[in-house]
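User: I am new to this structure. Please take a close look at one part of it, the place where two domains of a chain meet.

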Amino acid sequence: MTDPAVRLKQVSKRFKAGVDILTGIDLAVAPGELVALVGASGCGKTTLLRMAAGLEEPSEGSVEVLGRSPAQACALRQVGVAFQRAALVPSRTALENVQLTLAITRRTDGLDPSQLLRDFGLGEHLHAYPHQLSGGMQQRVNIAAALVHQPQILLLDEPLGALDEITRESMTEWLAGVLARTRPTTLLVTHSVEEAVVLADRVVILSRYPGRIAHDIPIHLPRPRDIWGKPSAEFQETVRTVRGHLHAVLRATGI
Amino acid sequence: MSDRRAYLLMLVSVAVIWLLAVRWSGLPPLTLPSPVKVGEVLWDERSAMLEGTLSTLFTALLGYALANLIALSLAIGSVYIRWLEAFSTPWVVVLKNIPFVALASLLIITMGSSLLPRLIIVVLVCFHPLLANLNQGLKAADRVLIDRMRTLDGSRWEIFRYVLWPSALPYYLAAHEIAFTTSIVGAIVAEWFLSRQGLGHILVQGMTEYRGDRIYAATLISSVLSFGAYWICRATGRHLTRWQRA
Ligand SMILES: Nc1ncnc2c1ncn2[C@@H]1O[C@H](COP(=O)(O)OP(=O)(O)O)[C@@H](O)[C@H]1O
Ligand SMILES: [Mg+2]
């Protein structure tokens, strides 16, 4: 097997002495694999992602991205991140925000920003400022800005979490399409089991207090996984299984 | 009512009130000259008035530039040098709260009527809103956006240029609307206290020589300057933040 693109070895994280947020995390993500992280809020999903992005240091253990430290992987301009709330420069248009990623990474082999936004259904809004866009559109710009430089590693923290249910459903399908085309190694935090099962190759369930990996469930469903059209019995069964595991974990930690 | 009409109405009202006051108040022309008389003084003494205006403007602009330099250095420095803000805050707070007249008197007896004390006064009266707003604007920068820039390996300069500065700019522009005008008021007050020149000096002379017409003339000029300063800041500010209204 090839070396994992992201590897956490016996990682623990605490912000206060004695209170482990995460403990004993062993996780390896293969190149091109998409792993979804689910778990109760506050179990440390964001913290885990931030460690993979080099924005937090683990208290114990090690985090490797592309065989290097996360900071070195960032310095190679091989990391893209998108968080729950779109982080755009408010005084720059949608197009300028996406171009900014290329300007900062100095990548010349990136995608064409205006073409990318057109593919994302924002052809009419290239020159709109973030405040003129709906939440769903802002998030599409945010994700475009995260992958325009074609990073090998994509870290998504509840990228659809701030959206209403209907926007969210159509955006999940859209995101599945985008990721199927570009195929970066992806860590995706979500609190929606359906979203995880539609998108992921593996679903990792975290427990809480402290956060550990409770289950690691491979998803073998064929793609594309059209669910809102006509979910297959297989798909529904997988969602049920994952949800069953998640609820057992939540009950065990008293929620 | 549109902005422009409201201002026009205000100007007309002032003229009307003035004329009515001259007519009905019973005050002697020495203390309440007619607009015509003030116009005559403005014209007859135009070289003295112009000289005074330029002198005031020079003090105000130089002091204002200094105030900006100090406020920008402190605010931006505080982003990168952790102790700087903690260190400077007590100084800023104390200086801001010393009664201005006391400070001005102190400056006169120590430095006399040179340019320096006047500049100091201008800096002291106008730098605080600049600093406060810059600090606030820099702190309001989107943390998530900064984190995203860091994962792209953005340099400090890039993070400043693309995140911190755009965040601070609207706050900074709003501060100019207040502080630029204040710098002109500060310059006049400083001249009033300690100078042989400028609009402030013309005001003092007008008082000692009972020249109401000169006082009114200088007041008119300084009002126009202050309003002009405000208007320039506002127009520039609105131009630079026009994206907010797009
Ligand atoms: N910078 C920080 N300082 C102190 N505590 C933090 C910090 N970041 C996160 N935490 C705590 O760590 C726990 C996990 O947070 P987080 O990773 O955001 O969880 P999740 O994303 O799963 O909801 C929470 O209890 C949170 O309060
Ligand atoms: Mg979170």
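Analyst: Zero salt bridges are found across the interface of domain 1 of chain A and domain 2 of chain A. The model is predicted. Polar contacts do occur across this interface: three residue pairs make them, with both residues at pLDDT 80 or more.

Helix H6 of chain A, residues 165-182, gives the most to the side of domain 1 that touches domain 2. Its share is six residues. By type, that side of domain 1 of chain A has eight nonpolar residues, two polar and two charged.

Now the bounds. Domain 1 of chain A takes in 6-78 and 154-252. Domain 2 of chain A covers 88-150. Their centres, taken over C-alpha atoms, are 24 Å apart. In chain A, 12 residues of domain 1 are in contact with 15 residues of domain 2.

Next, the area. The size of an interface is often given as the accessible area lost when the parts come together. Between domain 1 and domain 2 of chain A, about 1,200 Å² is buried. Carbon and sulfur atoms give 68% of that area. Three residues stand out on the domain 1 side: Arg77(A), Met171(A) and Trp174(A). Together they supply 44% of what domain 1 of chain A buries against domain 2, more than any other three residues.

To sum up, the contact surface of domain 1 of chain A counts eight nonpolar residues, and the interface with domain 2 has three residue pairs in polar contact but zero salt bridges.

How values were computed: Residues are numbered from 1 along each chain as its sequence is written. Chains are lettered from A and ligands numbered from 1 in the order in which they are written. This is a predicted model: local features need pLDDT of at least 70, side-chain atom pairs count only at pLDDT 80 or more; totals for chains, interfaces and linings use all residues. Side-chain values use heavy atoms; hydrogens and water are left out. Domain bounds come from an automatic or database domain assignment. Contact means heavy atoms within 4.5 Å. Buried area is the accessible area (1.4 Å probe) that two parts lose on being put together, summed over both. A salt bridge is a side-chain nitrogen of Lys or Arg within 4 Å of a carboxyl oxygen of Asp or Glu. A polar contact is a pair of N or O atoms within 3.5 Å; within protein, one must be able to donate a hydrogen and the other to accept it, and residues adjacent in sequence count only if both atoms are side-chain atoms. Helices (H or I, at least four residues) and strands (E, at least two) are DSSP runs, numbered from the N terminus. Ala, Val, Leu, Ile, Met, Phe, Trp, Tyr, Cys and Pro count as nonpolar, Asp, Glu, Lys and Arg as charged, and the others, Gly among them, as polar.
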